[in-house]
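Please open the structure in your viewer and keep the selection tool at hand. This tour goes from one selection to the next and says what is to be found at each stop.

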Amino acid sequence: MESAKKLSILTLLLVFIISCQDSEKSNLSLLSDPIPANMIFENSAAISVSQGTGNFDGVNNRMVFNVGTLTAGSTATLSFQARVKSVLDAGTTTIVNTALVSAGNAPEENATAIIASSAAIDLTVNISGSSSA
């Protein structure tokens, strides 16, 4: 009897893209984006910023961006990658991400994105054989 089994286990890689737009001139001192629960930061080389700097803060498990001064009407785009730590349960899993921005001349603001991810089992079993009498 011969049997072949295929089991695929993949974890989800997400790219988080954050856009900051200012209607007035602001000095954005900090944009903080905690890595969502059940996820890990993926790759420092994948951090992208259109203005300022971005770094992973491993102690607090978050991304920290220093955008600097945005002129009125301008936008800064920031991105990073994170991966789900383990295989998602079958069905729909909700991933919540909230970023917080602060400026020297404005109150703190936050924005939340909710991602619904569906997971399904990917399992194939092939069994073949011959019978002998």
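The stops below begin with confidence and go on to a strand, a core, the aromatic pairs and a hairpin.

Start by colouring the chain by confidence, since this is a predicted model. The mean pLDDT of the protein chain is 80, with 77% of its residues reaching 70 or more. Select strand β6 (residues 53-57), where confidence is highest at 95, and then strand β1 (residues 2-7), where it is lowest, at a mean of 42. Over residues 1-9 the pLDDT is below 50, although this stretch has 18 contacts in the model beyond near neighbours in sequence. Where pLDDT is low, the predicted coordinates should not be read in detail.

Next, select strand β2 and show its side chains, which alternate along the strand. L14, F16, I18 and C20 point to one face and are buried, whereas L13, V15, I17, S19 and Q21 point to the other face and are not buried. In a regular strand the side chains alternate between the two faces of the sheet. Now add β9 to the selection: β2 and β9 run antiparallel and are joined by 9 bridges. To find one place in this pairing, look at I17, whose bridge partner in β9 is S79.

From here, move to the largest nonpolar core, which has 20 residues. Select I18, L31, I35, M39, F65, L78 and F80, which are the members that touch the most other members of this core. The elements that give two or more residues to the core are β2 (13-21), β4 (39-41), β7 (62-66), β9 (75-84) and β10 (91-103), and β9 gives the most, with 5 residues. In soluble globular proteins, nonpolar side chains tend to be buried together. Centre the view on I18 and display what surrounds this residue: leaving aside residues up to four places away in sequence, I18 touches L31, D33, F65, A76, T77, L78 and F80.

The next stop is the set of aromatic pairs, of which there are 2. Select F16 and F80, which form a stacked pair at 5.0 Å centre to centre, with 15 degrees between the planes. F16 lies in strand β2 and F80 in strand β9, so this pair ties together parts that are 64 residues apart in sequence. Both F16 and F80 are buried. Then select F41 and F56, a pair that is also stacked, at 4.3 Å centre to centre and with 5 degrees between the planes. Because F41 lies in strand β4 and F56 in strand β6, the pair ties together parts that are 15 residues apart in sequence. Which of these two rings is buried, and which is partly exposed? F41 counts as buried at 15% relative accessibility, while F56 is partly exposed, with a relative accessible area of 30%.

With β6 already in view, add β7, which pairs with β6 in the antiparallel sense over 5 bridges. These two strands form a hairpin with 4 residues between them, and N61 in the turn has a positive phi of about 50 degrees. Within the pairing, D57 stands opposite R62 in β7.

Finally, follow R62 to S32, for a polar contact of 3.2 Å joins the side chains of these two residues. S32 lies in strand β3 (residues 26-34) and counts as buried at 8% relative accessibility. Not counting residues up to four places away in sequence, S32 touches R62, M63, T98, A99 and L100.

Conventions
Residues numbered from 1 in each chain as written. Heavy atoms only, no water. Core = buried A, V, L, I, M, F, W, Y, C linked by side-chain atoms within 4.5 Å. Buried < 20%, exposed > 50% of the residue type's maximum accessible area, 1.4 Å probe, protein only. Contact = heavy atoms within 4.5 Å. pLDDT = per-residue confidence, 0-100. Phe/Tyr/Trp six-rings, centres within 6.5 Å; stacked < 30°, edge-to-face > 60°. Pairing = 2+ DSSP bridges. Polar contact = N/O pair within 3.5 Å; in protein donor to acceptor, adjacent residues only side chain to side chain.
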